[in-house]
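Some notes on how the two chains meet follow. Please read them with the structure open.

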There are 2 protein chains.
Amino acid sequence: MAGFHIGFVIFPGLTQLDFTGPLQVLSHLPGGVVHIAAKTLEPVPSVCGLALVPNRTFADCPELDLICVPGGGKGVIQAIEDGAAVEFVRRQAVRAKYVTSVCTGAFILGAAGLLRGRRATTHWAVTEQLGTVGATFERARVVQDGNIITAGGVTSGIDFALRVVAEIAGEDSARAIQLGMEYDPAPPFDCGHPDRAPAGLLASVMANRYHALRDMFRSGLTRVAAA
Amino acid sequence: MAGFHIGFVIFPGLTQLDFTGPLQVLSHLPGGVVHIAAKTLEPVPSVCGLALVPNRTFADCPELDLICVPGGGKGVIQAIEDGAAVEFVRRQAVRAKYVTSVCTGAFILGAAGLLRGRRATTHWAVTEQLGTVGATFERARVVQDGNIITAGGVTSGIDFALRVVAEIAGEDSARAIQLGMEYDPAPPFDCGHPDRAPAGLLASVMANRYHALRDMFRSGLTRVAAA
(Lines give C-alpha, C1' and ligand atoms only; values in the text may rest on other atoms or scores of the structure.)
Protein backbone atom coordinates (compact mmCIF):
# COMPACT_ATOMS: atom_id res chain seq x y z
CA MET A 1 0.00 0.00 0.00
CA ALA A 2 1.49 3.34 -1.05
CA GLY A 3 2.12 6.15 1.39
CA PHE A 4 3.59 6.44 4.85
CA HIS A 5 1.05 4.97 7.24
CA ILE A 6 0.70 6.74 10.56
CA GLY A 7 -1.46 5.17 13.23
CA PHE A 8 -2.68 6.86 16.39
CA VAL A 9 -3.87 4.53 19.15
CA ILE A 10 -6.80 5.91 21.10
CA PHE A 11 -8.55 4.52 24.19
CA PRO A 12 -11.10 5.76 26.74
CA GLY A 13 -9.69 8.33 29.13
CA LEU A 14 -6.89 9.56 26.88
CA THR A 15 -5.66 13.14 27.19
CA GLN A 16 -6.94 14.44 23.88
CA LEU A 17 -4.22 17.03 23.23
CA ASP A 18 -1.53 14.31 23.47
CA PHE A 19 -3.18 12.99 20.31
CA THR A 20 -4.67 16.04 18.58
CA GLY A 21 -1.43 18.06 18.71
CA PRO A 22 0.68 15.49 16.84
CA LEU A 23 -2.30 14.66 14.62
CA GLN A 24 -2.50 18.26 13.40
CA VAL A 25 1.20 18.17 12.49
CA LEU A 26 1.41 14.66 11.07
CA SER A 27 -1.75 15.01 8.98
CA HIS A 28 0.35 17.37 6.82
CA LEU A 29 3.24 14.92 6.34
CA PRO A 30 3.84 14.69 2.58
CA GLY A 31 2.68 11.23 1.48
CA GLY A 32 1.29 10.47 4.93
CA VAL A 33 -1.89 8.46 5.48
CA VAL A 34 -3.40 8.83 8.95
CA HIS A 35 -5.27 6.08 10.76
CA ILE A 36 -7.01 6.58 14.09
CA ALA A 37 -7.26 3.16 15.64
CA ALA A 38 -9.29 1.98 18.63
CA LYS A 39 -10.73 -1.24 19.97
CA THR A 40 -14.06 -0.55 18.24
CA LEU A 41 -15.39 2.19 15.96
CA GLU A 42 -17.45 3.74 18.76
CA PRO A 43 -16.52 7.32 19.77
CA VAL A 44 -13.77 7.27 22.39
CA PRO A 45 -14.27 9.60 25.39
CA SER A 46 -11.27 11.69 26.43
CA VAL A 47 -10.65 13.03 29.93
CA CYS A 48 -11.91 16.51 29.12
CA GLY A 49 -15.29 15.34 27.85
CA LEU A 50 -14.68 15.45 24.11
CA ALA A 51 -15.32 12.15 22.34
CA LEU A 52 -13.14 11.32 19.32
CA VAL A 53 -14.17 9.09 16.46
CA PRO A 54 -11.70 6.40 15.36
CA ASN A 55 -11.63 5.31 11.71
CA ARG A 56 -9.99 1.90 12.21
CA THR A 57 -10.30 -0.91 14.69
CA PHE A 58 -7.17 -2.55 16.05
CA ALA A 59 -8.27 -5.63 14.08
CA ASP A 60 -8.57 -3.95 10.68
CA CYS A 61 -5.83 -1.32 10.83
CA PRO A 62 -3.27 -1.79 8.05
CA GLU A 63 0.42 -2.23 8.72
CA LEU A 64 1.82 1.00 10.12
CA ASP A 65 5.06 2.83 9.41
CA LEU A 66 4.68 4.97 12.51
CA ILE A 67 2.69 4.22 15.66
CA CYS A 68 1.88 7.04 18.06
CA VAL A 69 0.37 6.39 21.48
CA PRO A 70 -0.99 9.33 23.48
CA GLY A 71 -1.27 9.30 27.27
CA GLY A 72 -3.89 9.83 29.90
CA GLY A 73 -4.31 9.32 33.62
CA LYS A 74 -6.43 6.42 34.80
CA GLY A 75 -7.20 5.75 31.11
CA VAL A 76 -3.64 4.56 30.52
CA ILE A 77 -3.74 2.12 33.43
CA GLN A 78 -7.14 0.86 32.27
CA ALA A 79 -5.86 0.46 28.70
CA ILE A 80 -2.91 -1.56 30.01
CA GLU A 81 -5.22 -3.75 32.09
CA ASP A 82 -7.58 -4.18 29.15
CA GLY A 83 -4.70 -5.31 26.96
CA ALA A 84 -6.13 -4.63 23.48
CA ALA A 85 -4.14 -1.44 22.80
CA VAL A 86 -0.98 -3.00 24.23
CA GLU A 87 -1.36 -6.07 22.05
CA PHE A 88 -2.01 -3.90 18.97
CA VAL A 89 1.12 -1.84 19.64
CA ARG A 90 3.22 -4.94 20.25
CA ARG A 91 2.06 -6.54 17.00
CA GLN A 92 2.46 -3.39 14.88
CA ALA A 93 5.85 -2.56 16.42
CA VAL A 94 7.44 -5.60 14.80
CA ARG A 95 7.47 -3.93 11.39
CA ALA A 96 6.94 -0.24 12.12
CA LYS A 97 9.76 2.14 11.26
CA TYR A 98 8.96 4.28 14.31
CA VAL A 99 7.21 3.51 17.57
CA THR A 100 6.34 6.64 19.49
CA SER A 101 4.47 7.98 22.48
CA VAL A 102 3.42 11.27 24.01
CA CYS A 103 3.11 11.83 27.76
CA THR A 104 2.08 8.73 29.71
CA GLY A 105 1.51 6.85 26.46
CA ALA A 106 5.09 5.71 27.16
CA PHE A 107 3.71 3.23 29.68
CA ILE A 108 1.63 1.55 26.98
CA LEU A 109 4.81 1.08 24.95
CA GLY A 110 6.39 -0.13 28.18
CA ALA A 111 3.61 -2.62 28.86
CA ALA A 112 4.18 -3.96 25.34
CA GLY A 113 7.80 -4.62 26.37
CA LEU A 114 9.14 -2.04 23.92
CA LEU A 115 11.03 0.19 26.35
CA ARG A 116 13.27 -2.41 27.98
CA GLY A 117 16.81 -1.10 27.91
CA ARG A 118 15.73 2.06 26.14
CA ARG A 119 16.12 5.71 27.03
CA ALA A 120 12.73 7.38 27.23
CA THR A 121 10.66 10.19 28.68
CA THR A 122 7.07 10.80 29.79
CA HIS A 123 5.06 13.42 31.71
CA TRP A 124 7.30 15.02 34.38
CA ALA A 125 5.10 13.73 37.21
CA VAL A 126 5.75 10.05 36.50
CA THR A 127 9.28 9.89 35.11
CA GLU A 128 10.37 7.82 38.12
CA GLN A 129 7.96 5.08 37.08
CA LEU A 130 9.76 4.50 33.75
CA GLY A 131 12.08 2.07 35.54
CA THR A 132 9.10 -0.21 36.19
CA VAL A 133 8.90 -0.94 32.45
CA GLY A 134 12.66 -1.30 32.07
CA ALA A 135 13.37 2.13 30.59
CA THR A 136 15.95 4.70 31.63
CA PHE A 137 14.56 8.20 32.01
CA GLU A 138 16.34 10.79 29.91
CA ARG A 139 15.78 14.44 30.74
CA ALA A 140 14.59 15.95 27.45
CA ARG A 141 11.34 17.11 25.87
CA VAL A 142 11.72 14.49 23.11
CA VAL A 143 13.90 11.39 23.43
CA GLN A 144 14.91 9.17 20.52
CA ASP A 145 16.54 5.80 21.10
CA GLY A 146 16.77 3.86 17.87
CA ASN A 147 13.31 3.75 16.34
CA ILE A 148 11.58 4.55 19.64
CA ILE A 149 10.68 8.19 20.16
CA THR A 150 9.01 9.32 23.38
CA ALA A 151 7.83 12.82 24.23
CA GLY A 152 7.18 14.52 27.58
CA GLY A 153 3.83 15.76 28.82
CA VAL A 154 0.89 16.78 26.62
CA THR A 155 2.06 19.80 24.58
CA SER A 156 5.47 18.24 23.93
CA GLY A 157 3.65 16.19 21.30
CA ILE A 158 3.68 19.19 18.97
CA ASP A 159 7.46 19.60 19.18
CA PHE A 160 7.84 15.84 18.87
CA ALA A 161 5.71 15.65 15.73
CA LEU A 162 7.61 18.46 14.00
CA ARG A 163 10.85 16.60 14.69
CA VAL A 164 9.36 13.42 13.27
CA VAL A 165 8.32 15.24 10.09
CA ALA A 166 11.84 16.69 9.79
CA GLU A 167 13.34 13.24 10.13
CA ILE A 168 10.99 11.58 7.64
CA ALA A 169 10.38 14.31 5.07
CA GLY A 170 13.15 16.82 5.70
CA GLU A 171 13.46 20.04 7.65
CA ASP A 172 11.71 22.22 5.07
CA SER A 173 8.57 20.11 5.30
CA ALA A 174 8.58 20.53 9.07
CA ARG A 175 9.21 24.26 8.77
CA ALA A 176 6.32 24.64 6.32
CA ILE A 177 3.97 22.86 8.72
CA GLN A 178 5.20 24.95 11.66
CA LEU A 179 4.55 28.14 9.70
CA GLY A 180 1.10 26.96 8.64
CA MET A 181 0.20 26.25 12.28
CA GLU A 182 1.62 29.61 13.34
CA TYR A 183 3.61 27.69 15.91
CA ASP A 184 5.43 30.63 17.36
CA PRO A 185 4.62 29.93 20.99
CA ALA A 186 4.30 32.74 23.50
CA PRO A 187 3.26 31.21 26.81
CA PRO A 188 2.03 33.94 29.14
CA PHE A 189 4.09 32.48 32.00
CA ASP A 190 7.37 30.62 32.27
CA CYS A 191 6.34 27.68 34.37
CA GLY A 192 5.76 24.83 31.93
CA HIS A 193 8.25 22.57 33.66
CA PRO A 194 8.89 21.85 37.36
CA ASP A 195 12.43 23.26 36.94
CA ARG A 196 11.00 26.71 36.42
CA ALA A 197 7.75 26.63 38.37
CA PRO A 198 7.69 28.45 41.72
CA ALA A 199 8.10 25.90 44.53
CA GLY A 200 4.75 26.76 46.12
CA LEU A 201 2.90 26.33 42.86
CA LEU A 202 4.57 22.99 42.17
CA ALA A 203 3.71 21.75 45.65
CA SER A 204 0.09 22.75 45.22
CA VAL A 205 -0.19 21.17 41.75
CA MET A 206 1.37 17.97 43.12
CA ALA A 207 -1.01 17.95 46.07
CA ASN A 208 -4.11 18.62 43.96
CA ARG A 209 -3.40 16.24 41.18
CA TYR A 210 -0.09 14.55 40.69
CA HIS A 211 0.59 12.77 43.95
CA ALA A 212 -2.56 10.80 43.22
CA LEU A 213 -1.52 10.20 39.60
CA ARG A 214 1.91 9.00 40.69
CA ASP A 215 0.38 6.63 43.24
CA MET A 216 -2.05 5.36 40.61
CA PHE A 217 0.75 4.65 38.16
CA ARG A 218 2.94 3.07 40.83
CA SER A 219 0.24 0.68 41.99
CA GLY A 220 -1.28 0.16 38.54
CA LEU A 221 2.01 -0.77 36.92
CA THR A 222 2.96 -3.05 39.81
CA ARG A 223 -0.42 -4.79 39.59
CA VAL A 224 -0.02 -5.32 35.84
CA ALA A 225 3.56 -6.57 36.20
CA ALA A 226 2.41 -9.07 38.84
CA ALA A 227 -0.53 -10.36 36.78
CA MET B 1 -27.11 27.59 36.52
CA ALA B 2 -23.91 27.46 38.60
CA GLY B 3 -20.47 27.45 37.07
CA PHE B 4 -18.74 29.37 34.31
CA HIS B 5 -20.18 28.08 31.05
CA ILE B 6 -17.72 27.76 28.18
CA GLY B 7 -19.06 26.92 24.74
CA PHE B 8 -16.99 25.81 21.76
CA VAL B 9 -18.68 26.14 18.39
CA ILE B 10 -17.76 23.35 15.98
CA PHE B 11 -18.68 22.91 12.32
CA PRO B 12 -17.62 20.63 9.43
CA GLY B 13 -14.16 21.42 8.11
CA LEU B 14 -12.84 23.08 11.26
CA THR B 15 -9.12 22.93 12.05
CA GLN B 16 -9.31 20.63 15.04
CA LEU B 17 -6.28 22.00 16.94
CA ASP B 18 -7.85 25.49 16.95
CA PHE B 19 -10.46 23.86 19.16
CA THR B 20 -8.66 21.03 20.97
CA GLY B 21 -5.78 23.25 22.19
CA PRO B 22 -8.00 25.75 24.03
CA LEU B 23 -10.31 22.91 25.09
CA GLN B 24 -7.46 21.16 26.90
CA VAL B 25 -6.66 24.35 28.79
CA LEU B 26 -10.18 25.57 29.48
CA SER B 27 -11.44 22.16 30.60
CA HIS B 28 -9.29 22.76 33.70
CA LEU B 29 -10.73 26.20 34.50
CA PRO B 30 -11.85 26.07 38.15
CA GLY B 31 -15.65 26.10 38.15
CA GLY B 32 -15.79 25.79 34.37
CA VAL B 33 -18.43 23.76 32.53
CA VAL B 34 -17.56 22.94 28.94
CA HIS B 35 -20.12 22.64 26.15
CA ILE B 36 -19.23 21.53 22.64
CA ALA B 37 -21.98 22.88 20.43
CA ALA B 38 -22.80 22.08 16.82
CA LYS B 39 -25.79 22.22 14.49
CA THR B 40 -26.70 18.61 15.31
CA LEU B 41 -25.29 15.93 17.61
CA GLU B 42 -23.70 14.04 14.70
CA PRO B 43 -19.88 13.76 14.73
CA VAL B 44 -18.32 16.79 13.05
CA PRO B 45 -15.51 16.06 10.56
CA SER B 46 -12.38 18.22 10.87
CA VAL B 47 -9.97 18.99 8.02
CA CYS B 48 -7.44 16.39 9.11
CA GLY B 49 -9.89 13.50 9.10
CA LEU B 50 -10.70 13.27 12.79
CA ALA B 51 -14.39 13.56 13.62
CA LEU B 52 -15.34 15.23 16.90
CA VAL B 53 -18.50 14.57 18.86
CA PRO B 54 -20.51 17.59 20.06
CA ASN B 55 -22.50 17.33 23.28
CA ARG B 56 -24.95 20.20 22.61
CA THR B 57 -26.88 21.45 19.63
CA PHE B 58 -27.02 25.16 18.93
CA ALA B 59 -30.69 24.93 19.84
CA ASP B 60 -30.25 23.36 23.29
CA CYS B 61 -26.97 24.89 24.46
CA PRO B 62 -27.41 26.84 27.69
CA GLU B 63 -26.47 30.48 28.04
CA LEU B 64 -22.71 30.83 27.77
CA ASP B 65 -20.26 32.94 29.73
CA LEU B 66 -17.55 32.42 27.14
CA ILE B 67 -17.93 31.52 23.47
CA CYS B 68 -14.93 30.22 21.55
CA VAL B 69 -15.02 29.77 17.79
CA PRO B 70 -12.20 27.83 16.10
CA GLY B 71 -11.21 28.34 12.47
CA GLY B 72 -10.79 26.29 9.36
CA GLY B 73 -10.32 26.84 5.64
CA LYS B 74 -13.26 26.22 3.36
CA GLY B 75 -15.17 25.05 6.46
CA VAL B 76 -15.32 28.60 7.80
CA ILE B 77 -16.73 29.99 4.57
CA GLN B 78 -19.25 27.15 4.42
CA ALA B 79 -20.25 27.75 8.05
CA ILE B 80 -20.79 31.43 7.27
CA GLU B 81 -22.90 30.57 4.22
CA ASP B 82 -24.84 27.99 6.21
CA GLY B 83 -25.59 30.60 8.87
CA ALA B 84 -26.44 28.36 11.84
CA ALA B 85 -23.13 28.84 13.68
CA VAL B 86 -23.16 32.58 12.95
CA GLU B 87 -26.70 32.94 14.28
CA PHE B 88 -25.80 30.93 17.40
CA VAL B 89 -22.78 33.13 18.08
CA ARG B 90 -24.77 36.32 17.49
CA ARG B 91 -27.50 35.22 19.88
CA GLN B 92 -25.13 34.00 22.62
CA ALA B 93 -22.88 37.07 22.31
CA VAL B 94 -25.62 39.30 23.68
CA ARG B 95 -25.09 38.04 27.21
CA ALA B 96 -21.69 36.33 27.11
CA LYS B 97 -18.91 37.82 29.20
CA TYR B 98 -16.34 36.91 26.55
CA VAL B 99 -16.64 36.26 22.83
CA THR B 100 -13.51 34.69 21.41
CA SER B 101 -12.02 33.09 18.33
CA VAL B 102 -8.92 31.22 17.26
CA CYS B 103 -7.42 31.46 13.76
CA THR B 104 -10.00 32.08 11.01
CA GLY B 105 -12.82 31.61 13.52
CA ALA B 106 -12.55 35.42 13.68
CA PHE B 107 -14.51 35.59 10.43
CA ILE B 108 -17.44 33.80 12.03
CA LEU B 109 -17.46 36.45 14.75
CA GLY B 110 -17.14 38.97 11.93
CA ALA B 111 -20.07 37.51 10.00
CA ALA B 112 -22.11 37.83 13.19
CA GLY B 113 -21.31 41.56 13.15
CA LEU B 114 -19.25 41.34 16.33
CA LEU B 115 -15.95 42.70 15.04
CA ARG B 116 -17.16 46.02 13.64
CA GLY B 117 -14.89 48.73 14.98
CA ARG B 118 -12.85 46.22 16.95
CA ARG B 119 -9.17 45.41 16.95
CA ALA B 120 -8.65 41.74 16.13
CA THR B 121 -6.32 39.10 14.74
CA THR B 122 -6.56 35.85 12.79
CA HIS B 123 -4.26 33.43 10.94
CA TRP B 124 -1.34 35.41 9.41
CA ALA B 125 -2.38 34.46 5.86
CA VAL B 126 -5.72 36.27 5.99
CA THR B 127 -5.17 39.25 8.27
CA GLU B 128 -5.86 41.60 5.33
CA GLN B 129 -9.39 40.23 5.10
CA LEU B 130 -10.31 41.41 8.59
CA GLY B 131 -11.29 44.77 7.11
CA THR B 132 -14.08 43.04 5.19
CA VAL B 133 -15.87 42.39 8.48
CA GLY B 134 -15.16 45.85 9.85
CA ALA B 135 -12.26 44.95 12.13
CA THR B 136 -8.82 46.55 12.39
CA PHE B 137 -5.99 44.06 12.33
CA GLU B 138 -3.68 44.28 15.32
CA ARG B 139 -0.31 42.56 15.11
CA ALA B 140 -0.25 40.28 18.16
CA ARG B 141 -0.67 36.60 18.94
CA VAL B 142 -3.70 37.37 21.12
CA VAL B 143 -5.74 40.57 20.83
CA GLN B 144 -8.27 41.72 23.41
CA ASP B 145 -10.67 44.57 22.66
CA GLY B 146 -13.29 44.88 25.36
CA ASN B 147 -14.89 41.48 25.78
CA ILE B 148 -13.75 40.26 22.35
CA ILE B 149 -10.57 38.19 22.33
CA THR B 150 -9.15 36.89 19.06
CA ALA B 151 -6.09 34.69 18.62
CA GLY B 152 -3.80 34.14 15.63
CA GLY B 153 -3.32 30.87 13.75
CA VAL B 154 -3.97 27.39 15.17
CA THR B 155 -1.45 26.93 18.03
CA SER B 156 -2.00 30.47 19.32
CA GLY B 157 -5.18 29.05 20.83
CA ILE B 158 -3.11 27.51 23.63
CA ASP B 159 -1.51 30.83 24.59
CA PHE B 160 -4.89 32.51 24.25
CA ALA B 161 -6.62 30.04 26.55
CA LEU B 162 -3.98 30.36 29.27
CA ARG B 163 -4.46 34.12 29.17
CA VAL B 164 -8.22 33.67 29.45
CA VAL B 165 -7.80 31.43 32.51
CA ALA B 166 -5.48 34.01 34.08
CA GLU B 167 -8.08 36.72 33.49
CA ILE B 168 -11.01 34.71 34.82
CA ALA B 169 -9.46 32.64 37.61
CA GLY B 170 -6.15 34.34 38.31
CA GLU B 171 -2.57 33.81 37.22
CA ASP B 172 -1.87 30.92 39.56
CA SER B 173 -4.69 28.89 38.03
CA ALA B 174 -3.22 29.49 34.59
CA ARG B 175 0.27 28.62 35.78
CA ALA B 176 -0.98 25.37 37.33
CA ILE B 177 -2.63 24.37 34.06
CA GLN B 178 0.47 25.29 32.06
CA LEU B 179 2.61 23.13 34.36
CA GLY B 180 0.17 20.22 34.11
CA MET B 181 0.30 20.40 30.31
CA GLU B 182 4.10 20.65 30.41
CA TYR B 183 3.70 23.69 28.17
CA ASP B 184 7.36 24.52 27.92
CA PRO B 185 7.51 24.77 24.15
CA ALA B 186 10.69 23.93 22.27
CA PRO B 187 9.92 24.21 18.56
CA PRO B 188 12.67 22.55 16.56
CA PHE B 189 12.81 25.53 14.19
CA ASP B 190 12.22 29.26 14.53
CA CYS B 191 9.83 29.82 11.65
CA GLY B 192 6.39 29.86 13.21
CA HIS B 193 5.60 33.31 11.85
CA PRO B 194 6.18 34.91 8.43
CA ASP B 195 8.44 37.51 10.11
CA ARG B 196 10.98 34.83 10.87
CA ALA B 197 10.45 32.28 8.12
CA PRO B 198 13.05 32.23 5.32
CA ALA B 199 11.67 34.10 2.29
CA GLY B 200 11.87 31.07 0.01
CA LEU B 201 9.97 28.90 2.45
CA LEU B 202 7.27 31.51 2.92
CA ALA B 203 6.86 31.89 -0.84
CA SER B 204 6.54 28.14 -1.27
CA VAL B 205 4.02 27.79 1.59
CA MET B 206 1.99 30.66 0.12
CA ALA B 207 2.07 29.11 -3.34
CA ASN B 208 1.14 25.63 -2.12
CA ARG B 209 -1.61 26.59 0.23
CA TYR B 210 -2.26 30.13 1.30
CA HIS B 211 -2.71 32.06 -1.94
CA ALA B 212 -5.69 29.78 -2.54
CA LEU B 213 -6.94 30.23 1.03
CA ARG B 214 -6.66 34.00 0.77
CA ASP B 215 -8.56 33.99 -2.53
CA MET B 216 -11.21 31.75 -1.03
CA PHE B 217 -11.69 34.07 1.94
CA ARG B 218 -11.69 37.15 -0.24
CA SER B 219 -14.36 35.84 -2.60
CA GLY B 220 -16.30 33.96 0.09
CA LEU B 221 -16.58 36.97 2.38
CA THR B 222 -17.54 39.26 -0.52
CA ARG B 223 -20.20 36.79 -1.61
CA VAL B 224 -21.63 36.60 1.92
CA ALA B 225 -21.57 40.39 2.35
CA ALA B 226 -23.43 40.80 -0.96
CA ALA B 227 -26.11 38.24 -0.12
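**Notes on the A–B interface**

1. In chain A, 59 residues are in contact with 59 residues of chain B, contact being heavy atoms within 4.5 Å. The model is predicted: local features need pLDDT of at least 70, side-chain atom pairs count only at pLDDT 80 or more, and totals for chains, interfaces and linings use all residues. Residues are numbered from 1 along each chain as its sequence is written, chains are lettered from A in the order in which they are written, and side-chain values use heavy atoms, without hydrogens and water.

2. About 5100 Å² is buried between chain A and chain B, 65% of it on carbon and sulfur atoms. Buried area is the accessible area (1.4 Å probe) that two parts lose on being put together, summed over both. A:Leu179, A:Glu182 and A:Phe189 supply 16% of what chain A buries against chain B, more than any other three residues.

3. A turn of 180° with a shift of 0.0 Å along the axis lays chain A on chain B with an RMSD of 0.0 Å (least squares on C-alpha atoms of residues with pLDDT of at least 70 in both). This is the relation of a two-fold axis. A:Leu52 has the C-alpha of chain A nearest the axis, 2.6 Å from it.

4. There are 2 salt bridges between chain A and chain B (a side-chain nitrogen of Lys or Arg within 4 Å of a carboxyl oxygen of Asp or Glu). One salt bridge joins A:Arg196 to B:Asp184, with the closest N and O atoms 2.5 Å apart.
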